[in-house]
Amino acid sequence: MTKKTRIFSVILAFFLFLSACGRDFDAAGYVRAVLDERFQGEFADAARIMGVSEYEIKQDYESNVENFVLSYLTEGYEEVSDYTVYEYVVLVKEIFSVMKYDVKKSEKTGDKEYDVSVEIQPVDIFPTYVEKLKELSEDIEKSAQNGGYEGTEEEIQSQMQNDYLYQAYSLLEECYLNMKYLGKETVILRVTGDSSNVYSVDEKDFTKLTERLLGIDELNQ
């Protein structure tokens, strides 16, 4: 399966409107709410801080998990069933929920600009997963060459794809259940506000954090 650098094409679009009392913006609290929503599926704090309903936050969470599955785990395959996507979505939610991160502090670097330090502990899930996928792909190719599939060329390709997706799911689950946490690292997320005091996390920074947490960045080197 072809790896792509745009592992996460998710646009971080959370908004927070500052109150009129003039107190400093809590960048660390904002980032903590964003990470908890994105990885833990916790909506209450994010909804409160961002001034929107928990339903809206939940919809964003569900959409982004599904986008990850479609753009990374099943992209390039035709006629992927809704049930297959659902299975991957459930598993990815479990994987996201065990990511370890700790928002440490924020530093104001300019007018409506903050650097927020986040301590993370990456896992080895995806580097291990990709190695297992290579072996799976070779096994399926050998099976096809040895007559393991019957029918027209189109039917055989469909059978191979179904086998690949089914077994790939089991491999991802196996890698998740046997994953190892690596050493702690610190990453920086930049938070900026616009002229209307609407704040957001820098998308590129968030993508780098997510890729590093899951070990996906190693696949692009």
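Asn 197 lies in the loop between strand 3 and strand 4. In this predicted model, Asn 197 has a positive phi of about 60 degrees, although the residue is not a glycine. Asn 197 counts as partly exposed, because its relative accessibility is 26%. A positive phi also occurs in the loop between strand 1 and strand 2, where Lys 112 lies. Phi of Lys 112 is near 60 degrees, and Lys 112 is likewise not a glycine.

The strands joined by these loops belong to an open sheet. Four strands make up this sheet, in the order 1-2-3-4, and their pairing is antiparallel. Strand 1 (100–110) and strand 4 (199–201) form the edges, each pairing on one side only. Neighbouring strands are turned against each other by 25 degrees on average, direction ignored. Strands of a sheet pair through backbone hydrogen bonds, in either a parallel or an antiparallel arrangement. Strand 2 (residues 113–121) and strand 3 (residues 185–193) pair in the antiparallel sense, over eight bridges. Opposite Arg 190 in strand 3 stands Asp 115.

Two helices lie across the sheet. Helix 1 (residues 27–40) lies across strand 1, strand 2, strand 3 and strand 4. Its direction is at about 145 degrees to strand 1. Helix 7 (residues 203–214) also lies across strand 1, strand 2, strand 3 and strand 4. Helix 7 runs at about 155 degrees to strand 3.

Helix 1 has 14 residues. From first C-alpha to last, helix 1 reaches 19 Å, close to the 20 Å expected at 1.5 Å a residue. Twelve of the 14 residues of helix 1 are buried, so the helix is largely enclosed by the rest of the structure. Hydrophobic and charged side chains both appear in the buried set, which includes Val 31, Val 34, Leu 35, Asp 36, Glu 37 and Arg 38. Ala 27, Ala 28, Gly 29 and Tyr 30 are also among the buried residues of helix 1. Just after helix 1, Gly 41 takes a positive phi of about 70 degrees.

Aromatic contacts were searched over the whole structure, and 15 aromatic pairs were found. One of them joins Phe 25 and Tyr 30, with ring centres 5.7 Å apart. The planes of Phe 25 and Tyr 30 stand at 55 degrees, so the pair is tilted. Phe 25 and Tyr 30 are both buried. Tyr 114 and Tyr 199 form another tilted pair, with 6.3 Å centre to centre and 55 degrees between the planes. This pair links distant parts of the chain: Tyr 114 in strand 2 and Tyr 199 in strand 4, 85 residues apart. Tyr 114 counts as buried because its relative accessibility is 6%. Tyr 199 is buried too, with a relative accessible area of 2%. One aromatic cluster is formed by Phe 39, Phe 68, Tyr 72, Phe 96, Tyr 101, Phe 126, Tyr 129 and Phe 206. Phe 39 of this cluster is one of the buried residues of helix 1.

The count of salt bridges comes to 14. Lys 184 and Glu 119 meet in one of them, at 3.9 Å from N to O. This salt bridge links distant parts of the chain, the two residues being 65 residues apart. Lys 184 lies in the loop between helix 6 (153–177) and strand 3, and Glu 119 lies in strand 2. Lys 184 counts as exposed, because its relative accessibility is 59%. Glu 119 is partly exposed, with a relative accessible area of 23%.

Arg 212 takes part in two further salt bridges described here. The side chains of Arg 212 and Asp 217 meet at 3.1 Å, N to O. With Glu 218, the closest N and O atoms of the salt bridge to Arg 212 are 3.7 Å apart. Arg 212 counts as buried, because its relative accessibility is 17%. Asp 217 also counts as buried, at 19% relative accessibility. Glu 218 is partly exposed, because its relative accessibility is 37%. Salt bridges link Glu 185, Arg 212, Asp 217 and Glu 218 in a network.

Terms used:
Residues numbered from 1 in each chain as written. Predicted model: local features only at pLDDT ≥ 70, side-chain atom pairs only at ≥ 80, totals over all residues. Heavy atoms only, no water. Pairing = 2+ DSSP bridges. Axes fitted to C-alpha atoms, helices over the stretch in contact; angles between N-to-C directions. Contact = heavy atoms within 4.5 Å. Salt bridge = Lys/Arg side-chain N within 4 Å of Asp/Glu carboxyl O. Buried < 20%, exposed > 50% of the residue type's maximum accessible area, 1.4 Å probe, protein only. Expected span 1.5 Å × (residues − 1). Phe/Tyr/Trp six-rings, centres within 6.5 Å; stacked < 30°, edge-to-face > 60°.
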